[in-house]
Amino acid sequence: MAATRELLMSLRAARQLRRVRSHYTAGALLWAVAAAWTGWLNPGSRQMWVCTLLLLLFTALLATAAHQLRRIRPAGPPTHHAASRRSVAPRQANG
């Protein structure tokens, strides 16, 4: 029973990491644009360095999430335990 529970936890963790990874990607892109814009307008300003620091932070978080997602990838194809969606028609005897 422990193997099933571990599998469910790893599937849940993978789903959460995929969701978080998209947020970190958006944050890294936002701070990259903000750092470039601020660096263009006020090179060397405190705002530019704060944007750069936040860009590094989000990039590190994105790399960590991607690494963890690669580590917990399931070994085989996903297993579907739900019933089939096909409707089962009664068979008729030819005879």
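This is a short talk on two helices, the loop between them, and a few of their side chains.

Before the details, please keep in mind that the model is predicted.

I will start with helix 1, which covers residues 2–41. Trp 40 belongs to this helix. Is Trp 40 buried or exposed? Its relative accessible area is 71%, and the cut-off for exposed is over 50%, so Trp 40 counts as exposed. Trp 40 also takes part in a nonpolar surface patch. The other members of that patch are Trp 37 and Leu 41, and the patch measures about 460 Å².

Next, the loop. Ser 45 sits in the loop between helix 1 and helix 2, and helix 2 spans 46–71. For Ser 45 the relative accessible area is 15%. Buried means under 20%, so Ser 45 is buried. What does the side chain of Ser 45 reach? It reaches the backbone oxygen of Asn 42, at a distance of 3.0 Å.

Now helix 2. I picked out two residues here, Trp 49 and Leu 56. Trp 49 has 54% relative accessibility and counts as exposed. Leu 56 is exposed too, at 56%.

Each of these residues can be set against a partner elsewhere in the chain. Trp 49 and Thr 38 are 11 residues apart in sequence, and their C-alpha atoms are 9.0 Å apart in space. For Leu 56 the partner is Ala 32: along the chain they are 24 residues apart, and from C-alpha to C-alpha the separation is 9.1 Å.

The last topic is aromatic rings. How many aromatic pairs does a search of the whole structure find? The search finds 1. The pair is Tyr 24 with Phe 58, and its geometry is edge-to-face. A pair of aromatic rings is described by the distance of the centres and the angle of the planes. In this case the centres are 6.2 Å apart and the planes make an angle of 75 degrees. The cut-off for edge-to-face is over 60 degrees, which is why the pair gets that label.

Where are the two residues in the chain? Tyr 24 is in helix 1 and Phe 58 is in helix 2, with their positions 34 residues apart, so to speak, and the pair links distant parts of the chain. As for accessibility, Tyr 24 is at 22% and counts as partly exposed. Phe 58, with a relative accessible area of 21%, is partly exposed as well.

That is the end of the talk.

Methods:
Residues are numbered from 1 along each chain as its sequence is written. This is a predicted model: local features need pLDDT of at least 70, side-chain atom pairs count only at pLDDT 80 or more; totals for chains, interfaces and linings use all residues. Side-chain values use heavy atoms; hydrogens and water are left out. Patches are made of residues with over 30% relative accessible area and no salt bridge: like charges are joined within 9 Å, nonpolar side chains (Val, Leu, Ile, Met, Phe, Trp, Tyr) within 5 Å. Accessible areas come from the Shrake-Rupley method with a 1.4 Å probe; for residues, only the protein chains shown count as cover. A salt bridge is a side-chain nitrogen of Lys or Arg within 4 Å of a carboxyl oxygen of Asp or Glu. Helices (H or I, at least four residues) and strands (E, at least two) are DSSP runs, numbered from the N terminus. Buried means under 20% relative accessible area, exposed over 50%, partly exposed in between (1.4 Å probe, protein chains only). A polar contact is a pair of N or O atoms within 3.5 Å; within protein, one must be able to donate a hydrogen and the other to accept it, and residues adjacent in sequence count only if both atoms are side-chain atoms. Rings of Phe, Tyr and Trp (its six-membered ring) pair if their centres lie within 6.5 Å; planes under 30 degrees apart count as stacked, over 60 as edge-to-face and the rest as tilted.
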